[in-house]
Amino acid sequence: MKKFLVYLLMAILGGFISLVAYMSFYHKEKITEIRPEQAITVPANFTNYKTGGVPQLGPDFVMAAELTVNAVVHIRTEYSRKSSVYDYFFHDFYDFFGDRRRESSPRQSPIVATGSGVIISEGGYIVTNNHVVQEAELIKVTLNDKREFTARIVGTDPTTDLAVIKIEAKNLPHIIYGNSDDVKIGEWVLAVGNPFNLTSTVTAGIVSAKARNINILQNPEGTAIESFIQTDAAVNRGNSGGALVNTRGELIGINAAIASGTGYYTGYSFAIPVNIVKKVVDDFIRFGEVQRAFLGVSIREIDSKLAADEGIDEMKGVYIASISDNGAAKEAGIKEGDIILSVQNVPVNTTSELLEAIGQHRPGEKVSLVTKRKNKEQTSLVTLRNRDGQTNIVKKEERNISSLLGASFEEVSEKTKEQLGIASGVQITRLGAGALADAGVREGFIITKIDGKVVASIADVEKILNNKKGGVLLEGIYPNRMKAYYGFGL
């Protein structure tokens, strides 16, 4: 028994010694720390691991599209001849106006074109491009819900390429105005319009540049305002007059032109800033005419040569080359050689930016100008004037239609009506220099309709044409029973 216990004790002691030896040598070697430079990187992460704060999402255009697509309309116009304003767009810069074509008919048919427009009030006011409706004899507007209306022109302005038309409807969906001064380069935008007669088309892009002057709005007086928002949203012919909106669904511009050697979209499109749009639209609705304000200066952009010649220390602002004697700038103490740095706290570094800033105001309004003279800045309060050097607002006057047309009229007798088989009409008794003679009308012609409206009296002629601007279509008959149609522009 004693021998058994000795063997057992020796076995236990041997096991303990073996365990201590293992822990001291083998296990210690296994858990030796690996230095950082010896570590192997393993691409492992927790399944809920986040590489940054909040995940970055792309822009959501759904809300903006829903807010705007029903407020952009399809415009179809008819012309008896090609619009002269359209000639401006056959260069490397093209408008998005639908192709004007002649429809097949036994007799000469009107020229048909298509474009887009934006409803800006629930009462039926629509803004579009001037070149979409100028000289149009018939304007048809189709809403997104397929209702169709005949529109009348409220006003057109070639210097901004904007126009306002009106349809008789109520409770229409409309787009709210944004602020084009707040638009940033790189900001996401949507173009909404009707390219190639594909109604209610929405495309997306970013703002590529601001205050672009592409020399497309050429006019003899040199008063055109070109300060386009450039985008890369896909647009094509038929988008003219459509909406450029931000991701909140606010109107920030009216699409007007594309840069292309073919007339089809190649990545560059241009829109008229909404701050100009708002002012022009309001002028037409309130006064019937655009109220243009002028500083009374001739301006130049500052380049390295001008800076060296004039000792200009910074390439900032717009240089005043000359001052008008009766202009707003001279009255405010601004002089030739001064540099305009900002208008109403908005910096201006190009002629386009300056024209855009002043174009948002009317004659009689006061604007704050920061100018620099001999490297010293000063602030001036300038009262803007119109082209005649006055500060008053000029409203559209009633026109003398007889003088404008170059004709005298008399109402047709009952006997003549019976002989010619007509219900009503006004006869031209004398014809001189004017729109009618230029259109080829001859004395004795009896006007039975103007723009599709029945003419029963001289008062009807005055009423139909008094506020008319653009194309006019006359229908009538000569005493020898020959029917005729004439088109001309007012």
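This is a dialogue about reading a predicted model, in which a biologist asks and a modeller answers.

Biologist: I would like to begin with the inside of this model. Which residues of the largest nonpolar core touch the most other members?

Modeller: Since the model is predicted, everything said here is read from computed coordinates. The largest nonpolar core holds 35 residues, and within it V118 and L251 touch the most other members. At least two residues of this core come from each of α2 (62-68), β9 (162-166), β10 (188-193), β13 (243-246), β14 (251-259), β15 (269-273) and α4 (274-287). The element that gives the most is α4, with six residues.

Biologist: What is L251 in contact with, once its neighbours within four places in sequence are left aside?

Modeller: L251 is then in contact with V118, I120, I175, I176, Y177, G178, A243, L244, V245 and V274. Apart from this core there lies another one, of 23 residues, which includes I401, F445, L465 and A484.

Biologist: You mentioned α4, so let us turn to helices. How should I read one, and why is α4 described as largely enclosed?

Modeller: The general idea is that an α-helix has 3.6 residues a turn, so residues three or four places apart point the same way. As for α4, 10 of its 14 residues are buried, and the helix is therefore largely enclosed by the rest of the structure. The buried ones are V274, N275, I276, V277, K279, V280, V281, D283, F284 and F287, and they pack against β5 (125-128), β8 (152-157), β9, β14, β15 and α7. From its first C-alpha to its last α4 reaches 19 Å, close to the 20 Å expected at 1.5 Å a residue. After α4 comes G288, with a positive phi near 85°.

Biologist: Since α7 is among the partners of α4, how many residues of α7 are buried?

Modeller: Helix α7 spans residues 351-359 and is mostly covered, with seven of its nine residues buried; these are T351, S352, L354, E356, A357, I358 and G359. They pack against β11 (201-212), β15, α4, β16 (297-301), β17 (318-323) and β18 (339-343).

Biologist: Now the strands. In which sense do β20 and β21 pair, parallel or antiparallel?

Modeller: In a regular strand, as a general matter, the side chains alternate between the two faces of the sheet. Here, strand β20 (residues 366-373) and strand β21 (residues 376-383) pair in the antiparallel sense over eight bridges, and S368 has L381 of β21 as its bridge partner. The two strands form a hairpin with two residues between them, and in the turn K374 has a positive phi of about 55°.

Biologist: What is the volume of the largest pocket, and which element supplies the largest share of its lining?

Modeller: Its volume is about 610 Å³. Of the 25 lining residues, R152, I153, K453, I464 and K468 are the closest to the centre. The largest share of the lining, four residues, comes from α4, while β6 (138-142), β8, β25 (453-454) and α11 (458-465) are among the elements that each supply at least two.

Biologist: Finally, loops. Is V69 buried or exposed?

Modeller: Buried means under 20% relative accessible area, and V69, at 16%, is therefore buried. V69 lies in the loop between α2 and β1 (72-79) and, not counting residues up to four places away in sequence, touches N144, V192, S200 and V202. Similarly, S457 lies in the loop between β25 and α11 and is buried, with a relative accessible area of 15%. Leaving aside its neighbours within four places in sequence, S457 is in contact with E411 and V426.

Terms used: Residues numbered from 1 in each chain as written. Predicted model: local features only at pLDDT ≥ 70, side-chain atom pairs only at ≥ 80, totals over all residues. Heavy atoms only, no water. Core = buried A, V, L, I, M, F, W, Y, C linked by side-chain atoms within 4.5 Å. Buried < 20%, exposed > 50% of the residue type's maximum accessible area, 1.4 Å probe, protein only. Contact = heavy atoms within 4.5 Å. Pairing = 2+ DSSP bridges. Expected span 1.5 Å × (residues − 1). 1 Å grid on protein atoms, 1.4 Å probe; cavity = no way out; pocket = protein on both sides within 12 Å on 5 of 7 lines; lining within 4 Å. Points joined across faces, edges and corners; volume = space filled by probe spheres on them.
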